[in-house]
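Student: I would like a close look at a single part of this model, one aromatic residue and its surroundings, with the cut-offs behind each term stated. Please then follow the connections outward from there.

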Amino acid sequence: MQGKFITKTLAVAMTAICLSLGSAHASLSSNSKDGVVAVVNDEIILKSELAAATDYIAAQLQQSGTTATPSQIQKLALDELIVRKLQLGLINRSGMVANESAINAQMLQIAKSQGLNSLSELQAKLDAEQAGSYAALRKSVIENAAITAMWQNQVSNRMHITDQEINTFLRSPEGQKIANSEQVLIPEWQTSHILARIDDTQSAEIAEQKINALYAEIQKGTDFAKLAATYSDDPGSAQQYGSLGWVAEGQMVPEFESTMKNTQAGDYSTPFRSQFGWHILKVDNVRQRNVTEQYRKNAAKEYLFNRQAPQAEEDWLQELRSSAYIKIYE
C-alpha cells in the first residue's frame, strides 16, 4: 500500500542525506566568519550549509538535464533547508527515538555502495577524508529516517480514501486497467503446531528434550492434535488442538515459514527452533486462495493515495511554514 509515495519519500530522504552530509562537511570546516543566511524558529542556516546544498542540487539538476538559473537553484536549496529545519524541530519536540538496528542497516547499505564490508571500514574511510564525517553521516541517517516516518504519518492522516472512491475509480477508464488485470492467487497452508517454549521457566535444553519426547510419541502414532492440546506451550493454539488456521507467506517467523513450505500436506516436520522455542508443525492442507478482488482494491487505493499524496504533503508543509518563525537575510 502507498508504495510509490513511500518510495518517493525514501528517495527524498536519501537526497537529504547527501544535502545534510554536505552541510555537515561545511559546518565541520566552517569558522566564526561563516555567516547566517536564515533563522528557522530556534535553528539557523549557515552560508556554508546553503553553499553545500546549492552545489548538490545544481549537480542533480545538471544530471537530469533540467535547466535553472543560479538564483533559482539557490532558492530551491534554501527552501529545502528551511523545510528540513522545520521538520527536525518538530521531530525533536515529539521526542522520537531512533531504531538503532534500522539505522545500522542503512549505514551498512551505504558502506556496501562504497565497496566496503562493514561500518568500521566506512568510519575509517570517511574520517580519513575529514574528521567527524562518519558521525555527521550517522546523524543525517537518523534524522532522515525520522523525517520519512513523520512524512508518512502526517500525509496518511490527511488521506481518507473511501470504498466508494475505490469502486468509482475501478469503474473508470483508468481503473479498468486494474479491474481487468489477471487473476491473483496466493498459496496458503492450513497448519497446526506444538510448541516447547524457551523462557525464564524453561531452558533451551529442557524445551528441546520436551519436543524430542513429543516427536517420538508422534512417530509411534500418538494423535498430533491430542498432544498439542495437552502439552503445547502455546495456549492459544493448544485450545484449538494446535491449529493455527490458514497461513500465508510473510505471516510467520522465517524458521516456521521455511519448514512449513517444505512439509507435505498431511505430514509433520521434525523438531525445529525459532525465537519462541522448539516446534513441531503439521501441514493439514494446502490451497491457492483467489485474492484478485482484494488485490484490485488495494492497487486502486494505492493509485488514489499516490495521486492525492503530493497535495496532502504540500498542505502539511504549508502548515509548518505558516506557524513558524522564518527570517531570511539578503
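Which residue in E6 does Phe272 stand opposite?

Tutor: Phe272 stands opposite His279 in E6. Before going further, note that this is a predicted model, in which local features need pLDDT of at least 70 and side-chain atom pairs count only at pLDDT 80 or more, while totals for chains, interfaces and linings use all residues. Residues are numbered from 1 along each chain as its sequence is written, and side-chain values use heavy atoms, with hydrogens and water left out.

The two strands involved, E5 and E6 (residues 277-290), are antiparallel and joined by 2 bridges; strands count as paired if DSSP finds at least two bridges between them. The element names are DSSP runs numbered from the N terminus, with helices (H or I) of at least four residues and strands (E) of at least two. The pair belongs to an open sheet of 4 strands, with antiparallel pairing and the order E4-E3-E6-E5. Strand E4 (243-248) and E5 are its edges, and since each has a single partner strand, one side of each is left without a neighbour in the sheet.

Phe272 also takes part in ring contacts, for which some context helps. A pair of aromatic rings is described by the distance of the centres and the angle of the planes. The rings of Phe, Tyr and Trp (its six-membered ring) pair if their centres lie within 6.5 Å, with planes under 30 degrees apart called stacked, over 60 edge-to-face, and the rest tilted. There are 3 aromatic pairs in the structure. One of them is the edge-to-face pair of Tyr215 and Tyr268, with 6.1 Å centre to centre and 80° between the planes. These two are 53 residues apart and link distant parts of the chain, Tyr215 lying in helix H9 (residues 204-219) and Tyr268 in the loop between helix H12 (254-261) and strand E5 (272-273). Tyr215 is buried at 16% relative accessibility, whereas Tyr268 is partly exposed at 25%; buried means under 20% relative accessible area, exposed over 50%, and partly exposed in between, for a 1.4 Å probe and protein chains only.

The partner of Phe272 is Phe256, again edge-to-face, with 6.0 Å centre to centre and 70° between the planes. This pair joins helix H12, which holds Phe256, to strand E5, which holds Phe272, across 16 residues. Both rings belong to buried residues, with Phe256 at 2% relative accessibility and Phe272 at 10%.

Moving to the other edge strand, E4 is preceded by a loop from helix H11 (235-238) that contains Tyr241. Tyr241 has a positive phi near 60° although it is not a glycine, and at 51% relative accessible area it is exposed. Most residues other than glycine have a negative phi, and most peptide bonds are trans. A different kind of ring contact is found at Trp246, where Arg287 lies over the ring face at 3.9 Å from the ring centre; the criterion is NZ of Lys or CZ of Arg within 6 Å of the centre and within 35 degrees of the ring normal.

A second positive phi leads to another sheet. Asn41, not a glycine, has a phi of about 55° and is partly exposed at 30% relative accessibility. It sits in the turn of the hairpin formed by E1 and E2, which has 2 residues between the strands. E1 and E2 run antiparallel and are joined by 4 bridges, with Val39 partnered by Ile44 in E2. On E7, strand E1 (residues 36-40) has 3 bridges, also antiparallel, and Ala38 is the bridge partner of Ile328.

Finally, helix packing can be read in similar terms. The axes of helix H7 (residues 163-171) and helix H13 (residues 292-322) come within 9 Å and cross at roughly 100°; axes are lines fitted to C-alpha atoms, for helices over the stretch in contact, and angles run from 0 to 180 degrees between N-to-C directions. H7 and H13 are therefore roughly perpendicular to each other, on a scale where under 35 degrees is roughly parallel, over 145 roughly antiparallel, 65 to 115 roughly perpendicular and the rest oblique. Among the residues that meet are Phe169 and Leu170 in H7 and Tyr303 and Leu304 in H13, contact meaning heavy atoms within 4.5 Å.
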